[in-house]
Amino acid sequence: MSGSDHGAKMLHKIINVTVRDVRFPTSLEQHGSDAMHTDPDYSVAYVLVDTDSGLKGFGFTFTLGKGTEIVVCAVEALAGLVVGKSLQEIVSNFRGFYQLLTSDGQMRWLGPEKGVIHLAAAAVLNAVWDLWARSEGKPLWKLLVDMDPKQIVSCIDFRYITDVLTEEEALDILVKAQEGKQQREDQMLKEGYPAYTTSCAWLGYSDQQLQQLCTDALDNGWTKFKVKVGADLEDDKRRCRLIRQMIGPSNTLMIDANQRWDVAEAICWVSSLAEFKPLWIEEPTSPDDILGHAAISKALAPFGIGVATGEQCHNRVMFKQFLQASALQFLQIDSCRLGSVNENLAVLLMAHKFKVPVCPHAGGVGLCELVQHLILFDYICVSASLHNRMCEYVDHLHEHFTSPVVIRNAHYMPPKDPGYSCEMLELSVKRHSYPEGEVWKLHMKK
């Protein structure tokens with residue numbers, strides 16, 4: 001029985017929401033190491049939504065290990081708002097459902113729309129979107145692309161952003177982008193969406209490792225590279241020089257400080273790295289400091305260096321202010337930090353209005369799998385541009401997913417399987433469940 005047959009006959013009433021703490025010991029080999037997060041264990045709070053029809057939805061949010069159990073508790077606190085609802089009921093008023101999860105009269109005090117409770121809402125909503133796409137027998141990007149602009153708009157909570165983007169403006173953007181939409185979809189199916197790599201230059205990697213990974217990446221067609229910086233200026237100069245020499249003057253270099261500096265220090269430090277011609281400096285300072293990012297943007301503009309941020313930007317309201325303050329030149333959405341697809345749609349549309357390119361954050365565990373759907377939608381139905389646009393790619397942990405990302409010639413190839421690519425292999429989930437999985441039992445013995 002195909003997904004759409006399933007959908008026609010069933011209401012898909014949600015009967016259960018379960019969540020598991022799944023962690024991968026990536027810190028052992030320094031994968032993911034940067035100036036602020038020296039030993040991350042890439043992890044997820046992994047959500048399963050069961051329905052009375054047997055159809056399931058999978059979702060998650062990403063963490064760095066310790067504290068995942070807190071997100072699990074938050075998901076369990078939200079589960080009561082979801083159980084008993086049918087998929088039809090949710091998607092016929094998705095904005096209302098988003099508000100139900102993010103504006104509960106008591107639980108919103110823990111946010112509102114930020115921190116652990118928002119990560120939990122993202123995990124639950126991701127599972128519901130996965131369920132919806134599966135019920136229609138489509139990959140999520142295609143579910144969105146095929147949707148009527150009015151229905152897209154009906155999924156978005158415009159509260160607190162109407163001074164920048166009204167429903168009417170959002171609809172207008174989507175309607176205008178209908179022109180050429182089929183050609184762009186065909187182009188994506190043929191060529192894929194351009195990616196860049198962060199896998200070559202984690203801060204904990206040796207020069208030898210860095211050179212080897214860089215050589216391999218160049219051989220595989222990669223032309224855009226990101227380097228972690230921020231721990232030691234002389235070391236940064238040496239590593240940036242090394243990478244720039246290896247990739248040559250015509251390929252693209254980006255640098256990422258992961259929130260390491262104060263504002264003046266960021267300006268001074270990045271000015272010292274300007275000779276290596278980075279396209280952007282990512283997360284130069286506190287992710288909450290909108291005016292700080294604006295000051296850094298202004299100071300670095302003469303060097304031709306942009307500011308990129310967003311992976312730890314709490315919500316659409318903060319993104320609104322970053323855009324209003326001209327505080328970023330590259331906007332980095334995250335599929336698990338914002339309130340799932342709903343809130344990301346709002347941010348994609350605001351970015352388009354401000355003519356700021358969206359270059360999603362990915363990597364971790366499962367972030368590449370999810371965000372590819374959002375950026376495909378952005379190109380096909382919103383921005384219609386690939387100028388200065390690319391999606392992050394990190395080559396870790398894809399083997400744990402039932403529908404792992406497909407990269408061809410440094411491009412994300414559009415997923416074909418129904419759903420939001422969230423489902424993990426049950427064996428991987430069991431082995432890496434914390435603390436009872438065999439991987440952690442072995443790790444703890446050591």
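**Exercise 1. The second largest cavity**

Task: Find how much space lies in the second largest cavity of this predicted model, and which residues line that cavity.

Solution. Start with the volume: the second largest cavity holds about 40 Å³ of space. Next, collect the lining, which consists of Leu 144, Val 145, Met 147, Pro 149, Ile 152, Leu 174, Gln 178, Lys 181, Phe 377 and Cys 381. Now map these residues onto the secondary structure: helix H6 (140-145), helix H7 (149-154) and helix H16 (367-383) are the elements that give two or more residues to this lining. Finally, sort by class, and you get 8 nonpolar, 1 polar and 1 charged.

**Exercise 2. The largest cavity**

Task: Describe the lining of the largest cavity and say which element gives the largest share.

Solution. With the threshold set at 30 Å³ or more, the count comes to 2 cavities. The largest cavity has about 60 Å³ of space. Around the largest cavity sit Leu 101, Thr 102, Asp 104, Met 107, Arg 108, Glu 113, Ile 117, His 118 and Ala 121. Two or more of these lining residues come from each of helix H4 (94-102) and H5. The largest share belongs to H5, with 3 residues. Split by class, the lining has 4 nonpolar, 2 polar and 3 charged residues.

**Exercise 3. Two pockets**

Task: Work out the volume and the lining of the largest pocket, then do likewise for the second largest pocket.

Solution. Take the largest pocket to begin with: about 510 Å³ of space lies in it. Its lining has 33 residues, and those closest to the centre are Phe 62, Thr 63, Leu 64, Gln 312 and Arg 337. At least two lining residues come from each of strand E3 (56-63), helix H2 (68-79), helix H5 (115-135) and strand E5 (224-228). The class split for the largest pocket is 12 nonpolar, 12 polar and 9 charged.

Then turn to the second largest pocket, with about 250 Å³ of space. Here 15 residues form the lining, and Thr 197, Ser 199, Ala 217, Trp 222 and Asp 395 are closest to the centre. Helix H10 (residues 207-219) gives the most to this lining, namely 3 residues. By class, the second largest pocket is lined by 8 nonpolar, 5 polar and 2 charged residues.

**Exercise 4. Helix H15 and its partners**

Task: Classify the packing of H15 against H14, and then against H5.

Solution. Two numbers describe a pair of packed helices: the angle between the axes and the distance between them. For helix H14 (residues 316-324) and helix H15 (residues 340-353), the angle is about 10° and the axes are 10 Å apart. An angle under 35 degrees counts as roughly parallel, so H14 and H15 are roughly parallel to each other. Arg 316, Phe 319, Lys 320 and Leu 323 of H14 meet Glu 343, Ala 346, Val 347, Met 350 and Ala 351 of H15. This contact has 6 nonpolar, no polar and 3 charged residues.

For H5 and H15, the angle is about 100° and the axes are 7 Å apart. The range for roughly perpendicular is 65 to 115 degrees, so H5 and H15 are roughly perpendicular to each other. From H5, the contact uses His 118, Ala 122, Leu 125, Asn 126 and Trp 129, while H15 supplies Ser 340, Val 341, Asn 342 and Glu 343. Its class split is 4 nonpolar, 4 polar and 1 charged.

**Exercise 5. Backbone and burial**

Task: Locate two cis peptide bonds, then decide whether Gln 259, Lys 277 and Leu 242 are buried or exposed.

Solution. As a reminder, most peptide bonds are trans, and most residues other than glycine have a negative phi. A cis bond joins Gly 111 and Pro 112, with omega about -20°; Pro 112 lies in the loop between H4 and H5. Another cis bond joins Tyr 434 and Pro 435, with omega about 0°; Pro 435 is in the loop between helix H17 (426-432) and helix H18 (438-445).

Now for positive phi. Gln 259 has phi near 75° and sits in the loop between strand E6 (252-256) and helix H12 (263-272). Its relative accessible area is 14%, so Gln 259 is buried. Lys 277 has phi of about 50° and belongs to the loop between H12 and strand E7 (280-282). At 61% relative accessibility, Lys 277 is exposed.

Last comes Leu 242, in helix H11 (residues 233-247). Its relative accessibility is 15%, so Leu 242 counts as buried. Leaving out residues up to four places away in sequence, Leu 242 touches Asp 207, Leu 210 and Gln 211. Asp 207 is 35 residues from Leu 242 along the chain, yet their C-alpha atoms are separated by 8.4 Å.

Technical notes: Residues numbered from 1 in each chain as written. Predicted model: local features only at pLDDT ≥ 70, side-chain atom pairs only at ≥ 80, totals over all residues. Heavy atoms only, no water. Axes fitted to C-alpha atoms, helices over the stretch in contact; angles between N-to-C directions. Helix = DSSP H or I, 4+ residues; strand = E, 2+ residues; numbered from the N terminus. Parallel < 35°, antiparallel > 145°, perpendicular 65-115°, else oblique. Contact = heavy atoms within 4.5 Å. Nonpolar A, V, L, I, M, F, W, Y, C, P; charged D, E, K, R; others polar. 1 Å grid on protein atoms, 1.4 Å probe; cavity = no way out; pocket = protein on both sides within 12 Å on 5 of 7 lines; lining within 4 Å. Points joined across faces, edges and corners; volume = space filled by probe spheres on them. Buried < 20%, exposed > 50% of the residue type's maximum accessible area, 1.4 Å probe, protein only.
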